[in-house]
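User: I would like a close look at one strand of this protein and at how it fits into the rest of the chain. Please define your terms as you go.

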Amino acid sequence: MSADPIAIARALIRCRSITPEGGGALDYLQDLLAKAGFAVRRATFAEPGTAPVDNLYARIGSKKPNLVFAGHTDVVPPGDEKAWGHPPFAGEVVDDRLYGRGAVDMKGGIACFVAAALDHLAARGGQPKGSLSLLITGDEEGAAVNGTIKLLRWAAERGETFDHCILGEPSNVEVVGDTIKTGRRGSLNGTLVVNGRQGHVAYPERADNPIRGLVTLIAALQAPLDEGSEYFDPSHLEFTSVDVGNETVNLIPGRATARFNIRYNDRHSPAALKALIELRAKAAAAGRVHYVFDWQPSNAEVFMTKPGPFIDLAVAAIVEVTGRRPKLSTSGGTSDARFIKDYCPVLEFGLVGQTMHQVDESAPVADLHTLTAIYRRIIERYFG
Ligand SMILES: [Zn+2]
């Protein structure tokens with residue numbers, strides 16, 4: 001009898017694991033994986049100012065190569081639970097759809113990989129040809145400081161090495177098999193402060209209005225950053241807030257602030273990007289606007305897993321199961337792949353992302369079976 005991804009997904013959805021709460025999701029996985037012969041270890045990470053979070057590492061086999069699946073059992077809050085047609089933590093299946101918070105992001109994806117791994121092991125007498133591992137965190141949707149980044153270091157300190165990683169985030173746009181994510185853009189946040197001189201609005205000649213200078217700089221910084229690259233869309237700078245904080249109608253403020261975010265591609269390093277932005281501001285200011293930049297620390301650098309045998313075998317497995325040739329994409333926000341890429345090549349492939357983080361998040365039951373079949377073929381081809 002083959003493992004049932006729907007039953008596993010339903011059990012996981014019933015755990016109320018809103019970051020940083022574990023809700024029993026990792027206990028459930030530990031039990032399931034240990035019964036199949038995995039050595040399962042847990043690690044709780046903490047740091048001042050953040051809630052401690054529980055994580056799990058499971059491995060079966062001791063030989064190379066070690067194929068690791070990465071995922072998160074934590075979920076975003078459901079919002080108003082009364083707005084849901086199907087309760088967010090019930091794991092209901094209605095009209096061949098599985099409902100619940102995490103159905104696609106990403107308890108469903110974890111369930112599919114676990115089912116595929118159990119089936120693969122059962123067919124091979126309980127042992128893989130190399131090693132099969134799972135890195136499962138409870139801190140992805142939150143601050144992501146007590147999760148994958150520390151779990152990877154923790155595993156490395158214990159001599160664990162990874163050869164290739166599949167991250168089970170919902171990568172597909174319309175149907176299972178349409179998209180593999182092979183990289184992600186970087187993300188950088190900055191604040192621009194323009195300093196002027198406060199004064200009476202009726203006597204502007206005695207003041208220096210920083211809003212004028214800020215508008216000049218904002219206009220200059222919105223110029224295109226590049227035209228994209230072979231694997232990436234153009235980089236993009238977007239202002240997210242403009243603040244003066246002035247409650248008075250007859251006062252020219254003394255300072256004006258703007259915040260912005262840049263999603264950048266592989267044509268830039270963070271340092272070069274900052275230098276480019278500061279150069280553009282300097283040219284626009286022409287010595288007349290007094291400003292400073294404050295760059296927030298970032299742990300989201302651009303990365304790309306280059307086409308090669310690992311991506312090829314995933315593509316082949318998807319074609320074999322669905323008849324679809326997936327697009328290789330680097331779009332979307334950041335994910336834990338930004339941390340994994342420092343340890344081994346990583347690709348992202350999971351369910352269809354359409355309903356993630358929404359009310360009545362759900363996945364067709366058929367999609368979970370398709371994804372399980374694809375993961376199984378990836379595992380078989382990998383250890384071929
Ligand atoms: Zn996710």
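In which sense, and over how many bridges, do strand β10 (residues 186-195) and β14 pair?

Analyst: They pair in the antiparallel sense, over 10 bridges. Because this is a predicted model, local features are given only where pLDDT is at least 70 and side-chain atom pairs count only at pLDDT 80 or more, although totals for chains, interfaces and linings use all residues. Residues are numbered from 1 along each chain as its sequence is written, and side-chain values use heavy atoms, with hydrogens and water left out.

Strands here are DSSP runs of E with at least two residues, helices are runs of H or I with at least four, and both are numbered from the N terminus; two strands pair if DSSP finds at least two bridges between them. Within the pairing of β10 and β14, L192 stands opposite A258 of β14. Strand β12 (residues 236-243) also pairs with β14, again in the antiparallel sense, over seven bridges, and there I262 of β14 is the bridge partner of L237. Seven of the 10 residues of β14 (residues 255-264) are buried, so the strand is mostly covered; buried means under 20% relative accessible area, exposed over 50% and partly exposed in between, with a 1.4 Å probe and protein chains only.

To place A258 further, one has to look at the nonpolar cores, each a set of buried Ala, Val, Leu, Ile, Met, Phe, Trp, Tyr and Cys residues joined through side-chain atoms within 4.5 Å. The largest core has 59 residues, of which F38, F69, F113, L134, I166, F349 and Y375 touch the most other members. Several elements each supply at least two residues of this core, including β3, α3 (107-123) and α9, and the largest share, 10 residues, comes from α3. Taking contact as heavy atoms within 4.5 Å, and leaving aside neighbours within four places in sequence, Y375 has among its contacts F69, F113, I166 and F349. A second core, separate from this one, has 25 residues and includes A258 together with I218, A281 and W295. In soluble globular proteins, nonpolar side chains tend to be buried together.

Elsewhere in the chain there is a zinc ion, whose protein donors are H72 (NE2), D105 (OD), E169 (OE) and E169 (OE), lying 1.8 to 2.7 Å from it; donors are N, O and S atoms within 2.8 Å of the metal (3.2 Å for Na, K and Ca), and since water is not among the atoms, sites may look incomplete. Along the chain the donors follow the spacing H-x32-D-x63-E. Because H72 lies in strand β3 (residues 66-72) and E169 in the loop between β7 (164-167) and β8 (179-181), the pair ties together parts that are 97 residues apart in sequence. H72 counts as buried at 1% relative accessibility, and E169 is buried as well, with a relative accessible area of 7%.

For the chain as a whole, there are nine helices and 19 strands, and buried residues make up 52% of its 384 residues. Among contacts between residues at least 6 apart in sequence, 79% join residues at least 24 apart. The C-alpha trace spans about 85 × 45 × 40 Å along its principal axes.
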